[in-house]
Amino acid sequence: MKDMTDEEYYALDDRLTNNVPTLGPNGNGFFSRRGFQIVGLDENTARILNAKALATRQTPSEVIAAMLRKDLITAHSQG
């Protein structure tokens, strides 16, 4: 990586100081300022979830959300 000029450094410093990043695809990730929720998974479930996330190019949170939406739609259509 090439060195930054003083001007580039100060611009980057100003941008990062005034725009705190929220990580996660929708701003609700583990390091989000809006908080987080921890869910424990057994090792096999975590492996399956991560494999499905990689295969579908989604985050594990997106995979779980899609599964829940599908279950809710199925439950709603049956009841």
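The exercises below, each with a worked solution, concern a predicted model of one protein chain.

**Exercise 1.** Find how many helices and strands the protein chain has, and where confidence is lowest and highest.

*Solution.* Begin with the count, which gives 3 helices and 0 strands in the protein chain, so that, read from the N terminus on, the elements run α-α-α. Next, turn to the confidence of the prediction: the mean pLDDT of the chain is 78, and 72% of its residues reach 70 or more. Finally, look at the elements one by one, where confidence is lowest in helix α1 (residues 6–18), with a mean of 83, and highest in α2, with a mean of 92.

**Exercise 2.** Decide whether α2 and α3 are roughly parallel or roughly perpendicular to each other, and name the residues through which they meet.

*Solution.* The first step is to take the geometry of the pair: helix α2 (residues 43–56) packs against helix α3 (residues 60–78) at an angle of about 95°, and the axes are 8 Å apart. The second step is to compare this angle with the cut-off, by which angles of 65 to 115 degrees count as roughly perpendicular; α2 and α3 are therefore roughly perpendicular to each other. The third step is to list the contact, in which Leu49, Asn50, Lys52, Ala53 and Thr56 of α2 meet Pro60, Val63 and Ile64 of α3. Sorted by character, the residues of this contact comprise 5 nonpolar, 2 polar and 1 charged.

**Exercise 3.** Identify the residues that form the salt bridge, and decide whether they are buried or exposed.

*Solution.* A search of the whole structure finds 1 salt bridge, and the side chains that meet in it are those of Arg47 and Glu43, with a distance of 2.4 Å from N to O. Consider next their positions along the chain: the two residues are 4 apart in helix α2, which means that about one helical turn separates Arg47 from Glu43. To judge exposure, recall that a residue counts as exposed when its relative accessible area is over 50%. Arg47, at 53%, is exposed, and Glu43, at 54%, is exposed too.

**Exercise 4.** Determine where Arg57 is placed and what is notable about its phi.

*Solution.* Start with the place of Arg57, which lies in the loop between α2 and α3. Then recall the general expectation, which is that most residues other than glycine have a negative phi. Arg57 has a positive phi of about 55°, although it is not a glycine. As a last step, consider its surroundings: Arg57 is exposed, with a relative accessible area of 80%, in a chain of 79 residues of which 8% count as buried.

Definitions and conventions. Residues numbered from 1 in each chain as written. Heavy atoms only, no water. Axes fitted to C-alpha atoms, helices over the stretch in contact; angles between N-to-C directions. Parallel < 35°, antiparallel > 145°, perpendicular 65-115°, else oblique. Contact = heavy atoms within 4.5 Å. Nonpolar A, V, L, I, M, F, W, Y, C, P; charged D, E, K, R; others polar. pLDDT = per-residue confidence, 0-100. Salt bridge = Lys/Arg side-chain N within 4 Å of Asp/Glu carboxyl O. Buried < 20%, exposed > 50% of the residue type's maximum accessible area, 1.4 Å probe, protein only.
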